[in-house]
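Work through the two exercises below with the model at hand. Each task is followed by a stepwise solution.

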Amino acid sequence: MIARSEEIAEKIHTYHPEVETGLFRRAYEFSSKMHRGQTRLSGEPYLSHPLEVAAILTELKLDMTTIVAGLLHDILEDTPVKPEQLRVLFGEEVAFLVEGLTKISRMEFKTRVEAQAENFRKMILAMAKDIRIILIKLADRLHNMRTLHYLPPQRQREIAQETLDIYAPLANRMGIAWLKWELEDLAFRTLQSEICLELEQKVAKRREDRENYIRELLGIVKGKLEEFGFKGEVKGRPKHYFSIWQKMRKQGISFEEVYDLIAIRITTDTKMNCYAILGLIHSLWTPVPGRFKDYIAVPKSNLYQSLHTTVIGPKGERVEFQIRTEEMHRVAEEGIAAHWKYKEKQVLGEKAEAQFAWLRQLLEWQRDLPDAREFMETVKVDLFPDAVYALTPKGDVKELPKGSTPIDFAYSIHSDVGNQCVAAKVNGKIVPLKYELKTGDIVAIQAQPGHVPSRDWLKIVKTSRARQRIKHWIKTEERKHSTQLGAELLDRELRRADLSLGRFQKSEELHRVAQEMSLSTGEDLLAAIGYGKVSALQVAHRLLPEESRFRAREEQRPLKRPAQEVKSVRLGSIDQVLLHYAKCCGPLPGDPIVGFVTRGRGLTVHQADCPNLAHPAFDRERMVQVDWDRVERSPRPVRITVRTVDRPGMLAGVSAAITAMEANISQAEVSTTEDRRAQCHFMVEVLDVQHLNRVMRKIQDVDGVLSVRRTPAA
């Protein structure tokens with residue numbers, strides 16, 4: 001152990017020769033003393049784990065404070081040491097980092113999913129305070145993955161899946177490529193052991209040929225660089241197992257069909273030479289169309305820069321070349337750690353600050369999403385690496401997940417631009433808002449003041465930002481409409497006692513009742529009534545004077561004002577989240593309707609003569625008068641049953657009749673009986689009752705149709 005600690009101290013001096021390693025040695029002695037007698041499942045002394053975590057942090061060339069914190073990262077959790085002792089012995093910074101890591105580890109939850117989600121949220125919060133906390137956590141996870149085989153099989157799979165879902169993408173998002181690759185391969189070996197073993201064997205069979213091929217290729221490239229006077233270091237590396245398997249799975253190909261198993265990296269001195277060497281490579285071998293990516297001109301959001309191209313190399317093999325400067329390579333290997341301000345106490349550059357802006361965005365999301373699982377699912381979208389790079393008309397680059405739409409692009413500019421987006425031009429042409437953007441697209445958003453987002457946008461947007469902005473707008477509108485509906489319902493109940501809601505809104509009475517019912521304000525109370533969480537009758541009884549309550553309880557007592565003066569709720573004024581159409585009767589525009597406040601779901605609309613409304617268990621106090629919105633003309637589904645004679649072409653004739661009346665068939669079921677009759681059930685989308693009647697008359701005119709009737713949904 002002592003020898004290993006000395007190796008780590010020497011490694012620190014290789015990239016930070018001026019630093020004093022006395023702090024590290026004192027931390028080692030303290031950790032050794034406090035962990036004495038503790039062992040890992042492997043049987044090794046427990047101290048081996050924090051030592052290896054510290055060694056991994058030196059690979060990232062991190063500062064002394066971070067490495068010492070890595071060495072002590074389990075000290076508060078597994079020993080009697082208190083934070084105060086750490087502050088005295090090793091300083092405020094080390095104690096802060098170790099405490100941040102311990103808070104993540106000590107949480108307990110009812111379920112594994114809940115634990116994983118909340119742990120992830122805590123990591124993001126800790127990371128926003130000090131990025132070094134997550135770097136230590138990644139190093140901790142890497143060493144645990146290297147020794148995963150000592151755990152029970154089920155626990156191995158859980159940790160491996162979590163690593164693949166969260167830690168590997170997080171390492172990638174922070175630009176630490178080698179860490180991402182190793183985490184992926186270790187997780188792959190656990191989760192798909194048979195596939196991984198088979199892949200390793202296949203790669204091993206071709207290894208000798210592959211190594212000979214790489215040596216030949218390197219010789220050619222090095223010779224050409226010298227011939228043309230380019231400075232450059234050339235290295236070859238095989239593809240990682242997980243990336244090979246991903247390619248096979250995504251493209252549906254066999255191992256033998258994966259051609260570009262080799263990647264050649266060329267590191268040179270200047271950006272200009274990167275492009276010059278790219279031209280040289282393309283002059284030697286034919287580039288594969290569509291496989292050139294310029295991450296120098298358009299860096300990835302994790303600051304990665306490089307030129308990527310795939311060519312048809314010697315013997316017809318595909319070879320990927322990555323060309324970058326030495327500084328770009330350092331960033332690619334160390335990621336965010338390459339810019340770490342704690343190294344030299346320096347101010348971060350503009351590009352590095354952009355990466356920290358992403359972390360600040362994560363902090364904003366966690367505040368907007370109180371549910372930890374929803375937060376984790378949201379962030380996972382932005383952690384995964386597939387991306388497209390689209391441009392504004394001014395040339396600003398926006399990095400978006402693969403499959404993003406102009407709506408995502410609009411929200412990446414500003415929330416107001418997203419909310420007011422009505423159309424988009426891509427490369428000068430109008431495109432649908434569901435169009436999937438491609439790298440290089442120039443996107444111009446057309447916004448219209450006063451326009452609002454559509455709930456349907458949630459089905460097509462890809463970015464977390466767009467999804468959260470749309471949901472935020474919907475929740476705001478939902479509350480506004482639920483408050484309006486709640487006010488209508490409560491006012492109706494108060495009218496039974498010759499009172500009105502306005503009287504109570506001007507006094508403190510509504511606020512008093514809200515607090516009695518564990519709500520903050522009178523508005524919260526009205527919203528709860530609209531959502532169906534609180535009964536309007538219950539609230540009315542709390543508001544009414546004692547002498548008025550008896551009269552209000554008389555179920556059949558008519559309202560003081562004529563029934564026709566009771567204000568109805570117009571359906572178009574209610575948010576679609578709060579509005580549901582009963583499946584039992586399938587009301588259509590034109591049908592007489594009533595509303596029913598369903599607990600926790602808002603308003604359900606029934607036909608006025610729906611049999612379910614007459615059920616003894618049906619609470620008539622929850623009924624609301626409602627009217628159809630005269631403006632809305634969107635199709636609604638209705639079920640019709642058609643009885644016909646059973647003969648060829650009958651179904652085609654009925655379908656043609658429906659289509660002729662400009663109605664869409666969304667579903668059809670046909671059954672036949674022994675007496676040569678057929679029964680057809682259609683789900684048809686119509687605008688209103690009049691439209692349905694025209695459709696039914698047209699069907700009735702078809703020769704062989706015996707009857708047509710509207711039926712409840714199955």
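**Exercise 1.** In what order do the strands of the open sheet of 3 strands lie, and is their pairing parallel or antiparallel? Then describe the edges of the sheet and the helix that lies across the strands.

Solution. The model is a predicted one.

Step 1. The order is S10-S9-S11, and the pairing is antiparallel.

Step 2. S10 (429-431) and S11 (443-447) are the edge strands; each has a single partner strand, so one side of each has no neighbour in the sheet.

Step 3. From one strand to the next, the twist averages 35°.

Step 4. S9 (residues 421-426) runs antiparallel to S10, and 3 bridges join the two. Across this pair, Lys 425 stands opposite Ile 430 of S10.

Step 5. Helix H20 (residues 406-413) lies across S9, S10 and S11, at about 80° to S11.

**Exercise 2.** Which strands stand at the edges of the open sheet with the order S18-S19-S17-S20? Then place the helices that pack on this sheet.

Solution.

Step 1. The sheet has 4 strands with antiparallel pairing. Its edge strands are S18 (664-672) and S20 (705-711), each of which pairs on one side only.

Step 2. Here the twist averages 20° from one strand to the next.

Step 3. Between S18 and S19 (residues 677-686) there are 8 bridges in the antiparallel sense. Gln 667 has Met 683 in S19 as its bridge partner.

Step 4. Helix H28 (residues 650-660) packs on the sheet and touches S17 (636-645), S18, S19 and S20; its direction makes about 20° with that of S19.

Step 5. Helix H29 (residues 689-700) also packs on the sheet, touching S17, S19 and S20, and its direction makes about 160° with that of S20.

Methods:
Residues are numbered from 1 along each chain as its sequence is written. This is a predicted model: local features need pLDDT of at least 70, side-chain atom pairs count only at pLDDT 80 or more; totals for chains, interfaces and linings use all residues. Side-chain values use heavy atoms; hydrogens and water are left out. Two strands pair if DSSP finds at least two bridges between them. Axes are lines fitted to C-alpha atoms, for helices over the stretch in contact, and angles run from 0 to 180 degrees between N-to-C directions. Contact means heavy atoms within 4.5 Å.
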